[in-house]
Amino acid sequence: MNIRLKTEVPGPRSRELMAERQAAVARGPFHVTPVFIARGKGAVLEDVDGNRFIDFAGGLAVLNAGHLPAAAAEAVRRQSRRFLHACFHVTPYEGYVRLCAALNRLAPGDFPKRSFLANSGAEAVENAVKIARSATGRPTVVCFEHAFHGRTYMAMTLTAKEKPYKLGFGPFNPGVVRAPFPYCYRWPATEDPERVSAECFSAFERAVQSVGPEQVAAVIIEPVLGEGGFAPAPAPFLRRLRDYCTGQRIVFIADEVQTGFGRTGELFACARSGVAPDLMTLAKGLGGGMPVSAVVGRAELMDAPMTGGIGGTFGGNPVSCAAALAVVELFETGGLLDRARELSAALPRRLAGLRRFRGVGDVRGLGAMQALELVKDRRSKEPDQEAVAAVIRHCTERGLILMSAGTYGNVIRLLMPLVITDAQLEEGLAVLESGLERFAA
Ligand SMILES: Cc1ncc(COP(=O)(O)O)c(C=O)c1O
């Protein structure tokens, strides 16, 4: 057993800290649970009141290798005895180069690659757009409905959901065109992935024609929607998009910030569709909990910006690079990719049974990136955001950390560390089922 509750949730110390948080921290940054963490290991975290929770949120898709993966923590300790910062633009260091070389080797696509490191997913997206514009000399970027790409201005412009991500922050960047995303469950008239792919691709072509393909620098897509609700783009759609971009000399950018590093059962989700993007953005799982992000892609594109054209003081911090190299090793030789594949095969089978709850309209995902979409009525598919909030509260109070997602806030997403044991997974799912029983039956 791993859940252990010593106090009510939130406990007294968490409540004290929450009062201090209200006084000291801006209200903008949200939190999904009212508990303050004290420590974590694997798929379990302990709060400041000594309560233990099973973690199905993984630090928002970061902790694929678990809380405090020993190899990454040791790499951080080792690096932090040597130097914490140098700035790659002042005195380069080996860790940055080794991490780029590893990403070039691992990213899909049999062509020469180069990489560039930054700090966050949003920064990776910003830089991918800069690189694509610089390489093509074209202005426009095509993005998709339900997309989330981050909170900086270009990333926010590419993000679809208005509230809360964009509300009050306009005007946004020019040069962005939005096309429909092949969200099968909510596609009008059909949920068949082949038909959705065909119809969605036609709509995409029309969107591009509205500006002219010769104006389009890049298309950016999440192979599986992250914040947008874990809807996978069907493989036929991604393949047609890939071919179209090749034909029109448009840069295909896969935003794998949330899908990357084993979440879908391969190191990168694109590999599951047999698609090699021209550029790929990475962050979250890459650093095992340390902040680092990357743009990986075709050498000739990556080399388009002149020397000094891209960069940043902290990008590819040496401590983060050390952690990321340890994470890469865990996937390559430490058995983590095997575990990701195992979980990716088992989890969808295990979750299929949750369709028995009438409020569960859809169970979907790719590999271990799975979600439940809750609806008030299966025919109308009216989103049930209230049920999701109630299930999450129910689970938190019983020792399971969970997160929502989705344009309508009616999706429960599962982002457990891939190192979760079978027993922990079952214990967590039993809590989730008790919540569905109560609020989605
Ligand atoms: C697909 C995707 N892209 C970009 C981002 C932004 O990453 P960050 O929060 O590190 O800026 C996220 C974050 O959730 C994401 O899911």
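In strand β13, the residue that serves as bridge partner of Asp55 is Ile401, and I would like to start from that pair, keeping in mind throughout that we are looking at a predicted model. The strand that pairs with β13 here is β3, residues 52–55, and the two run parallel, joined by two bridges. If we step back from this pair, we find an open sheet of four strands, in the order β1-β2-β3-β13, with mixed pairing. The strands at the edges are β1, residues 37–41, and β13, residues 400–401, and because each has a single partner strand, one side of each is left without a neighbour in the sheet.

Asp55 has a second partner, this time through its side chain, since a polar contact of 2.7 Å joins the side chains of His67 and Asp55. To find His67 in the structure, please look at the loop between α2, residues 58–61, and α3. Is His67 buried or exposed? With a relative accessible area of 10%, His67 is buried, because the cut-off for that word is anything under 20%.

Let me now turn to another strand, β5, which covers residues 140–144. Five of its five residues are buried, so β5 is largely enclosed by the rest of the structure. As a general point, the side chains of a regular strand alternate between the two faces of the sheet. In β5 you can follow this residue by residue, with Thr140, Val142 and Phe144 pointing one way, while Val141 and Cys143 point the other way.

Which strands pair with β5? One of them is β7, residues 216–221, which runs parallel to β5 and is joined to it by three bridges, and within that pairing Val142 stands opposite Val219. The other is β6, which also pairs with β5 in the parallel sense, here over four bridges, and in this case Phe144 stands opposite Ala179.

Next, the ligand. The residues that surround the ligand include Ser120, Gly121 and Ala122, then Phe148, His149 and Gly150, and further along the chain Asp255 and Lys284. How does this shell divide by residue type? There are three nonpolar, five polar and four charged residues in the shell around the ligand.

Some of these neighbours can be described atom by atom, and I will take three of them in turn. For Gly121, a backbone N or O atom lies 2.8 Å from an oxygen atom of the ligand. For Asp255, a polar atom of the side chain lies 2.7 Å from a nitrogen atom of the ligand. For Lys284, an N or O atom in the side chain is 3.0 Å from an oxygen atom of the ligand. Taken on its own, the ligand has 390 Å² of accessible area, and the protein covers 83% of that.

Finally, the salt bridges, of which a search of the whole structure finds 27. I have chosen three to show you.

In the salt bridge between Glu74 and Arg77, the closest N and O atoms are 3.1 Å apart. Both residues sit in helix α3, residues 70–80, and because they are three residues apart there, about one helical turn separates them. Glu74 is partly exposed, at a relative accessible area of 28%, and Arg77 is partly exposed as well, at 44%.

Arg195 and Glu199 make a comparable arrangement in helix α7, where they are four residues apart and therefore separated by about one helical turn. Their closest N and O atoms are 3.4 Å apart. Here too we have partly exposed residues, with 43% for Arg195 and 32% for Glu199.

Arg186 and Glu373 form a salt bridge as well, with the closest N and O atoms 2.7 Å apart. Arg186 lies in the loop between β6 and α7, whereas Glu373 belongs to strand β12, residues 369–374, so this pair ties together parts that are 187 residues apart in sequence. Arg186 counts as partly exposed at 25% relative accessibility, whereas Glu373, at 0%, counts as buried. Which residues are joined with Arg186 and Glu373 into one network? They are Arg355, Asp362 and Arg364, and the network arises through salt bridges that share partners.

Key. Residues numbered from 1 in each chain as written. Predicted model: local features only at pLDDT ≥ 70, side-chain atom pairs only at ≥ 80, totals over all residues. Heavy atoms only, no water. Salt bridge = Lys/Arg side-chain N within 4 Å of Asp/Glu carboxyl O. Buried < 20%, exposed > 50% of the residue type's maximum accessible area, 1.4 Å probe, protein only. Near = heavy atom within 4 Å. Polar contact = N/O pair within 3.5 Å; in protein donor to acceptor, adjacent residues only side chain to side chain. Areas by Shrake-Rupley, 256 points an atom, 1.4 Å probe, with all protein chains shown as cover. Nonpolar A, V, L, I, M, F, W, Y, C, P; charged D, E, K, R; others polar. Pairing = 2+ DSSP bridges.
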